[in-house]
Structure formats: C-alpha cells, structure tokens
Amino acid sequence: MNFTDSKIAEYAESFTSEESGLIQRLLEVSVEKMEHVDMLSGRQVGMLLRLLVQISGAKRVLDIGTFTGYSAMMMADVLPEDGELITIEFNEHYRQVSDLFLSEPPFDKRIYQIMGNALEIIPRMEGDFDLIFLDADKINYPKYFQVCKTKLRKGGLFVIDNVLWGGKVIDQSDEKAKAVHKMNEMIREDPQTEQVILPVRDGITILRLK
Ligand SMILES: C[S@@+](CC[C@H](N)C(=O)[O-])C[C@H]1O[C@@H](n2cnc3c(N)ncnc32)[C@H](O)[C@@H]1O
C-alpha cells in the first residue's frame with residue numbers, strides 16, 4: 001500500500017538516493033526468484049533506515065523479518081567497522097536469495113542471521129540495541145512493542161513498518177489492522193516514548209525511547 005499519489009511517489013523515489021551495486025543486484029534477484037517481492041520494504045523506507053543508522057550513530061541493530069535481506073543490507077552497509085546487525089527470519093525458502101548476498105563482504109562480517117520465530121528469539125537475546133526495525137508478524141505487533149522496548153537502549157530508535165496497514169487501522173476491519181492499531185495506541189499512551197508516524201508507503205513509525 002502507498003498513501004501517496006502514484007506520480008508523486010514515483011517522483012519522490014526518483015529523487016531518493018539509489019542503492020549500492022550489490023543491493024541493486026539483490027533487488028533484481030528478488031524480483032526474479034520471489035513471488036511476494038512486494039514484501040520488500042523498498043527504496044524510501046530503505047534510505048530512511050540507512051539515514052537513521054548514520055544520523056544516530058547506531059552500532060548494534062536488530063532487523064525483524066529478513067525476507068531476502070534488503071532492509072538488513074541497507075542498514076548494515078553504513079554501520080561502523082565494529083558494528084553488527086542481527087536479522088531474524090523464520091522462512092527457510094527466502095535463504096535461497098538472502099544467503100547469496102549476506103555472505104558477500106562487507107555484509108558477511110556485519111550481518112548475523114538467526115532462523116526461527118522472532119517473538120520467541122528476541123526475549124532470549126542478550127544486550128541492548130541502538131536501533132530496531134520491525135517488519136514482520138503484524139498480528140503480534142503489540143507483543144513486539146513490549147518485548148522490543150526491553151531490548152532498546154535509552155535514547156535508542158524503534159522503527160516500525162506498515163503502521164497504517166493499508167488504511168485499515170481507521171476502522172480496524174481485519175485482525176491485523178486491530179493488532180497494528182492496538183500497538184499504535186500502546187505507543188501513544190507510553191510516557192517513555194516520543195514518536196512520529198510518517199505516511200510513507202504503508203506508514204512508518206519512528207520512535208525514540210526516552
Ligand atoms: C515484510 S517481510 C520483511 C521485508 C524486509 N524487511 C525487507 O526490507 O526486504 C516480512 C518477513 O518476516 C518474516 N516473518 C514473519 N513472521 C515472522 C516471525 N514470527 N519470525 C521471524 N520471521 C517472520 C516473513 O517470512 C517475511 O520474510
């Protein structure tokens with residue numbers, strides 16, 4: 001879903017910086033090999049993430065929902081030498097693409113992929129993150145907000161995709177819309193967060209933990 005007029009969205013994308021060579025190749029191979037390539041977060045979200053990593057100076061990043069690796073690579077590309085990004089995915093099928101790219105330098109030394117259910121894995125993870133990007137398992141968004149908050153350092157950023165869920169958050173006409181809306185409410189009521197929802201693509205929240 002894209003809330004912007006298609007011509008404006010096209011214009012905005014054409015004036016957004018392009019991905020590096022290897023990430024462009026990942027995009028091509030994803031289109032070639034994957035049925036649900038629309039799951040990929042895309043250039044505007046990808047560049048936003050990349051800029052947020054750089055502006056915030058994030059060193060330790062968590063990416064929830066690898067798919068073929070686009071958001072992970074966009075962020076890891078600008079991590080410092082000693083930075084690391086952990087990405088979680090439960091569908092083995094997508095590894096036929098992500099393995100090809102995450103094994104290439106510099107990503108091989110910066111990205112660690114964990115296979116399994118993110119909601120079970122995250123509570124067992126040690127240490128805090130500077131930035132967390134959530135882009136998986138919408139039905140459980142309220143639970144991810146609760147668990148990710150405990151894994152974010154003070155001042156850290158939590159970026160969440162699809163927070164307008166195709167506009168259905170307005171009347172909550174399906175279960176996923178209800179879950180996304182519930183999380184949006186939890187965030188609004190939380191005195192420990194400050195946030196903005198940008199109607200970029202399917203809606204993106206940028207939240208800072210106070
Ligand atoms: C929208 S895609 C992620 C797109 C990716 N961030 C990108 O920019 O290309 C969501 C991914 O999350 C995965 N996923 C869904 N539920 C999950 C769960 N509970 N644990 C781990 N991965 C999950 C899906 O298999 C899918 O690959």
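The questions and answers below concern the ligand and the two pockets described for this predicted model.

Me: Which residues are the closest to the ligand?
Reply: In this predicted model, the ligand is surrounded by 20 residues. That shell divides into 10 nonpolar, 7 polar and 3 charged residues. Within the shell, the closest are Ser41, Ser71, Glu89, Asn117 and Ala118.

Me: Which residue places a backbone N or O atom 3.0 Å from a nitrogen atom of the ligand?
Reply: Polar contacts to ligand nitrogen can come from side chains, as with Asn117, where an N or O atom of the side chain is 3.0 Å from a nitrogen atom of the ligand. Asp135 also has a side-chain N or O atom 3.0 Å from a nitrogen atom of the ligand. Where the partner is instead a backbone N or O atom at 3.0 Å, the residue is Gly65.

Me: How much of the accessible area of the ligand does the protein cover?
Reply: The side chain of Asp135 has an N or O atom 3.0 Å from a nitrogen atom of the ligand. Taken on its own, the ligand has 600 Å² of accessible area, and the share of this that the protein covers is 93%.

Me: Where does the ligand sit, and which elements give two or more residues to the lining there?
Reply: The ligand sits in the largest pocket, which holds about 780 Å³ of space. Its lining is made by 34 residues, and those nearest the centre of the pocket are Met39, Asp135, Ala136, Asp137 and Lys138. The elements that contribute two or more residues to this lining are helix H4 (70–76) and strand E2 (84–89).

Me: How many residues in the lining of the largest pocket are charged?
Reply: The lining of the largest pocket consists of 34 residues. Sorted by character, 14 of them are nonpolar and 11 are polar, while the number that are charged is 9.

Me: Which element gives the most to the lining of the second largest pocket?
Reply: The second largest pocket contains about 180 Å³ of space, and the residues that line it include Val163, His181, Glu185, Arg188 and Ile197. Two elements, helix H9 (175–189) and strand E6 (193–198), each give two or more residues to that lining. With 5 residues, the element that gives the most is H9.

Me: How many residues in the lining of the second largest pocket are nonpolar?
Reply: Among the residues that line the second largest pocket are Leu164, Val169, Asn184 and Thr205. The lining divides into 2 charged and 4 polar residues, and the number of nonpolar residues is 5.

Notes. Residues numbered from 1 in each chain as written. Predicted model: local features only at pLDDT ≥ 70, side-chain atom pairs only at ≥ 80, totals over all residues. Heavy atoms only, no water. Near = heavy atom within 4 Å. Polar contact = N/O pair within 3.5 Å; in protein donor to acceptor, adjacent residues only side chain to side chain. Areas by Shrake-Rupley, 256 points an atom, 1.4 Å probe, with all protein chains shown as cover. 1 Å grid on protein atoms, 1.4 Å probe; cavity = no way out; pocket = protein on both sides within 12 Å on 5 of 7 lines; lining within 4 Å. Sits in = over half its atoms within 2 Å of the grid points. Nonpolar A, V, L, I, M, F, W, Y, C, P; charged D, E, K, R; others polar. Points joined across faces, edges and corners; volume = space filled by probe spheres on them. Helix = DSSP H or I, 4+ residues; strand = E, 2+ residues; numbered from the N terminus.
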